[in-house]
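Q: Please take a close look at one part of this structure, beginning with a single helix residue and its surroundings, and then lead a newcomer from there to the other parts.

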Amino acid sequence: MGSHAMANFASLSPLRDTGLRDIADKLSFMSEHLPDRVDRAIVTRLQQDGRIANVDLADAVSLSPSACLRRVKALEASGIIAGYHAEVSRARAGLGLTVFIGLTVESHSRQASQEIEQALLAIPAVVACYLVSGSDDFLIEAAIPDLASYEKVLLDQILAVPAVDTARSVFAIRTVLSRGPLPLDHWR
């Protein structure tokens with residue numbers, strides 16, 4: 001075992017199938033990463049193009065490739081960069097209907113909330129789920145092919161969750177902005 005923390009970690013388990021969140025959990029013994037203006041530039045650029053080559057990213061943020069890679073790895077290990085994904089066109093993927101569904105629940109216990117969350121996470125059409133304040137208890141976003149599919153999801157899956165009392169739906173007519181880059185102006 002080497003004296004470097006990463007050398008010790010690498011010798012304990014292979015990283016082939018490990019997700020970034022798993023790595024962050026295992027590296028929790030490392031000091032918390034405090035982002036600065038260079039990190040802001042890196043994350044801003046990665047939000048625009050997550051597939052950018054490290055050499056090009058380094059050039060864009062005025063760092064050497066090795067320093068840039070170290071910073072990216074630190075941002076990943078800290079959980080600031082939670083992962084990478086492909087952005088898929090819902091319309092081209094046959095999911096032309098976006099529905100926001102506000103749910104009210106019968107019981108407001110932690111156990112009931114966890115059961116509802118687990119049930120909603122198991123519904124493939126649910127692409128986002130929030131515990132919210134106000135007249136609704138949960139707000140979910142669903143990506144669905146059409147109204148017939150929406151009816152099945154609502155009646156057979158969402159309202160079938162035992163603790164769900166009512167559901168109110170709002171349909172998106174057109175998407176103006178979806179999954180835009182996060183504003184990082186507060187990082188100095």
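A: Gln118 lies in helix α6 of what is a predicted model. With a relative accessibility of 53%, Gln118 counts as exposed, because the cut-off for that class is over 50%. In sequence, Gln118 and Val161 stand 43 residues apart, yet their C-alpha atoms are 9.9 Å apart in space.

Helix α6, which spans residues 110–121, also holds Ser113. Ser113 has a relative accessible area of 16% and is buried, since buried means under 20%. Leaving aside residues up to four places away in sequence, Ser113 touches Leu131 and Phe138. Helix α6 therefore offers both a buried residue, Ser113, and an exposed one, Gln118.

The next element to consider is helix α7, residues 147–158, whose buried residues are Tyr150, Val153, Leu154 and Ile158. Viewed down the axis of α7, these buried residues fall within an arc of 95 degrees, so they line one face of the helix. The face turned away from that buried side carries the exposed residues Lys152 and Asp156. The cover over the buried residues of α7 includes the strands β1, β3 (138–144) and β4 (164–171). At the start of α7, a side-chain oxygen of Asp146 comes to within 3.3 Å of the backbone nitrogen of Ala148.

Strand β1 also helps to place Arg90, which is found in the loop between α5 and β1 (97–105). The side chains of Arg90 and Thr98 are joined by a polar contact of 3.1 Å. Apart from residues up to four places away in sequence, Arg90 touches Leu95, Gly96, Thr98, Val127, Glu141, Ala143 and Arg179. Gly79 belongs to the loop between α5 and β1 as well. Gly79 counts as partly exposed, at 36% relative accessibility, because that class lies between the 20% and 50% cut-offs. Gly79 and His33 are separated by 46 residues in sequence, while the distance from C-alpha to C-alpha is 9.0 Å.

Helix α5 itself comprises residues 65–78 and packs with helix α3, residues 37–48, at an angle of about 80 degrees, their axes being 11 Å apart. The two helices, α3 and α5, are therefore roughly perpendicular to each other, since angles of 65 to 115 degrees fall in that class. On the side of α3, the contact is made by Val38, Asp39, Ile42, Val43 and Leu46, and on the side of α5 by Cys68, Arg71, Val72 and Leu75. Sorted by class, the contact of α3 with α5 has seven nonpolar residues, two charged residues and no polar ones.

The loop between α4 (54–60) and α5 contains Ser62. Most residues other than glycine have a negative phi. Ser62 is not a glycine, yet its phi is positive, at about 60 degrees. A relative accessible area of 67% makes Ser62 exposed.

These parts can finally be set within the whole chain. The secondary structure comes to seven helices and four strands. From the N terminus on, the elements follow the order α-α-α-α-α-β-α-β-β-α-β. The protein chain has 188 residues, of which 30% count as buried. Among the contacts in the chain with a separation of 6 or more, 65% are accounted for by residues 24 or more positions apart. The pair Gln118 and Val161, at 43 residues apart in sequence, shows how positions far along the chain from each other can be compared in space, with 9.9 Å from C-alpha to C-alpha.

Definitions and conventions. Residues are numbered from 1 along each chain as its sequence is written. This is a predicted model: local features need pLDDT of at least 70, side-chain atom pairs count only at pLDDT 80 or more; totals for chains, interfaces and linings use all residues. Side-chain values use heavy atoms; hydrogens and water are left out. Axes are lines fitted to C-alpha atoms, for helices over the stretch in contact, and angles run from 0 to 180 degrees between N-to-C directions. Angles under 35 degrees count as roughly parallel, over 145 as roughly antiparallel, 65 to 115 as roughly perpendicular and the rest as oblique. Contact means heavy atoms within 4.5 Å. Ala, Val, Leu, Ile, Met, Phe, Trp, Tyr, Cys and Pro count as nonpolar, Asp, Glu, Lys and Arg as charged, and the others, Gly among them, as polar. Buried means under 20% relative accessible area, exposed over 50%, partly exposed in between (1.4 Å probe, protein chains only). A polar contact is a pair of N or O atoms within 3.5 Å; within protein, one must be able to donate a hydrogen and the other to accept it, and residues adjacent in sequence count only if both atoms are side-chain atoms. The arc is that of the directions from the helix axis to the C-beta atoms.
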